[in-house]
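Let's take a walk through this structure together, from individual side chains out to the whole chain. Have the viewer ready and follow along.

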Amino acid sequence: MEHAREALFGSVEIARQLRRDLGDAPEVLRNLSISLDNLGTLESDLGNLGAARDAFRESLELRRQVRRALGDSPEALRGLSISLDNVGEIEHELGNVEPALYAFRESLELRRHLRRVFGDSPQALRDLSLSLENLGNLESARDALLESLELRRQLRRTLGDSPQALRDLSISLDNLGRIECELGNLEPARDAFREGLELARQLRWGLGDSPQAVRDLSISLARLGKLECDLGNLEPAREALRESLDLRRQLRRTLGDSPRALRELSLSLDDIGNLERELGNIEPARDAFRESLELRRQLRRVLGDSLQALSDLSISLNNCGNLERELGNLEPARDAFRESLELARQRQLAFDDSPQALRDLSIALDNLGSLERGLGNLESARDVFRESLALVRQVRRALGDSPQALRDLSVSLDNLGNIERDLGNLEPARDAFRESLELAQQLRRALGDSPQALRDLSVSLENLGKLERDLGNLKPARDALREGLELARQLHRALGDLPQTLSDLAVSLFYAASVERDLGDTTGAASLADECRGLLTQAKAAYPELPKFELLLHALAETFPAPSAPS
């Protein structure tokens, strides 16, 4: 990489010297612009985003100068649109959404103009589709991505199954699938990902194990795998994610420790770690998270404190901390969460209040707050949760009612409600739980019965039910807890005996039994408690390394002692 960088610096210097010798002839300016674009691309690949932006901005000014000299010639307009795309992409990476939007919108207008003037040439159609993809990805604009997809289908009909046509179409399908996921349209998203994956496989069969073909296939597999996981299809998810991980290890062997190869490998390790954790396979999950964390520390040493490096390292620390907390290792968990929070604050201070920086900070706060609550530090936990809630409200104002923004707000309200309940502040807790429940119900209407939507709604109902019970409102408490229990049963039927579904169902059974006993239905309470006991005994045997099942059994035994065996 350094040799390539030195070569590109040399190329830029030669182009600058030619400009000094020959003046601002359009061809001289164009050549310097191309050299700067090449340098900017390499700096971006190396994670030097500030240097990349400087190169792309200088190139853009040169392209504007060429347009003023030549007028609206096709070459001048196309060159300017390419420079605008480069500037937009690097501003987006730096978290500067408004400058990125301005650049992408100007590029799109130029490319629409070129199509109107020159018709549906393959180059005009492809360039227009690129602008639509850039703008659609930044604005989560489904219409732009659908228009781009149609252009790329048209190009495939015109050009046949050329590698470029297939790759462009596969990327377009992946991008559309990602937006459908964000909008909660999971089945259309899966259709798009599956079609994109088939094209990526076709490309690999045609091109062999070129780095580009292998990388594209790994991305398609990762996206489909994560979606299958969201849908509760864990074995298909595991197959896709493992294949993606194998491909990314192959890329690292081929390309060495380039920043891109290391980052994408770390992403795959996170995906595998999260899935193995959900399946209750603790050691494979821990191995994956630790390897990912080491890669991200390595990337930070190479790239410095770039926005991406700080964000990725914060995420890895959160993953490790959450797993250690589940295992009852609270001090290592606290160390990980504190370091993650420090990085998230550093990122937010450096890169201002971008929605992603605010969201990362709120997640880090939530993790630390949950740990402090578990340790009994209730006042400090409340301070942390209040700060997090303010951040997610700010994100919602910026992004509107996207599923992610609504879910983050619902979870944050649940966290604050729980800590207010712990502190005996029941009215503020009820206000938080009611608002969270409304959001969870809104999400279910938008997303349907996805596992995440059902679980979030079940948790919100359970929280409100427990609070109403504390206030002595037993019938509303029973209604909420029964509805939450039915959702927990539905999830257990759909997903099977996963640690999370077993834990959620056992907790729902425990609180449903408690309120039935309060209402005088001792038979119903005993039946629910016995079901809870059997479930926890099964879970403890299946997942002996997870302490939560033993703790839940202990709490159950104190509240509902097991019936004595007949003498």
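A good place to start is Arg-482, which counts as partly exposed, at 45% relative accessibility. Keep in mind as you look around that this is a predicted model. The side chain of Arg-482 meets that of Glu-516 in a salt bridge, with 3.0 Å from N to O. Because Arg-482 belongs to helix H21 (residues 474-495) and Glu-516 to helix H22 (residues 499-518), this pair ties together parts that are 34 residues apart in sequence. What about the other partner, Glu-516: is it buried or exposed? Its relative accessibility is 4%, and buried means under 20%, so Glu-516 counts as buried.

Now turn to another pair, Glu-468 and Arg-430, whose side chains also meet in a salt bridge, at 3.3 Å from N to O. Glu-468 sits in helix H20 (residues 451-470) and Arg-430 in helix H19 (residues 426-447), so here the bridge ties together parts that are 38 residues apart in sequence. Both Glu-468 and Arg-430 are buried.

A third pair to pick out is Glu-228 with Arg-194, a salt bridge in which the closest N and O atoms are 3.4 Å apart. This one links distant parts of the chain, as Glu-228 is in helix H10 (residues 211-230) and Arg-194 in helix H9 (residues 186-207), with their positions 34 residues apart in sequence. Glu-228 counts as buried, at 5% relative accessibility, while Arg-194 is partly exposed, with a relative accessible area of 41%. Which residues share a network of salt bridges with these two? Glu-187 and Arg-190 do, and the network links them with Arg-194 and Glu-228.

How many salt bridges are there by this rule? The count comes to 67. On charge overall, the protein chain has 77 positive and 98 negative charges, and the mean positions of the two sets are 1 Å apart.

Let's visit two more residues. Arg-78 lies in helix H4 (residues 74-93) and counts as partly exposed, at 30% relative accessibility. Leaving aside residues up to four places away in sequence, Arg-78 touches Leu-114, Gln-123 and Asp-127. For a sense of scale, measure from Arg-78 to Lys-466 in your viewer: the two are 388 residues apart in sequence and 62 Å apart in space, C-alpha to C-alpha. Glu-150, in turn, has its place in helix H7 (residues 142-159) and counts as partly exposed, at 41% relative accessibility. Glu-150 and Ser-129 are 21 residues apart in sequence, with 8.8 Å between their C-alpha atoms.

Finally, step back to the whole chain. The helices named along the way belong to a set of 24, and the protein chain has 0 strands. Its radius of gyration is 27 Å, close to the 24 Å that the globule rule gives for 567 residues, so the chain is as compact as a globular protein of that length. Along its principal axes, the C-alpha trace spans about 105 × 45 × 40 Å. Of the 567 residues, 50% count as buried. The accessible surface comes to about 24800 Å², and carbon and sulfur atoms account for 51% of it. As for contacts between residues at least 6 apart in sequence, 64% join residues at least 24 apart.

How values were computed: Residues are numbered from 1 along each chain as its sequence is written. This is a predicted model: local features need pLDDT of at least 70, side-chain atom pairs count only at pLDDT 80 or more; totals for chains, interfaces and linings use all residues. Side-chain values use heavy atoms; hydrogens and water are left out. A salt bridge is a side-chain nitrogen of Lys or Arg within 4 Å of a carboxyl oxygen of Asp or Glu. Helices (H or I, at least four residues) and strands (E, at least two) are DSSP runs, numbered from the N terminus. Buried means under 20% relative accessible area, exposed over 50%, partly exposed in between (1.4 Å probe, protein chains only). The radius of gyration is taken over C-alpha atoms; the globule rule is 2.2 Å times the number of residues to the power 0.38. Contact means heavy atoms within 4.5 Å. Accessible areas come from the Shrake-Rupley method with a 1.4 Å probe; for residues, only the protein chains shown count as cover. Lys and Arg count as positive and Asp and Glu as negative; His and the chain ends are not counted. The place of a charge is taken as NZ of Lys, CZ of Arg, CG of Asp or CD of Glu.
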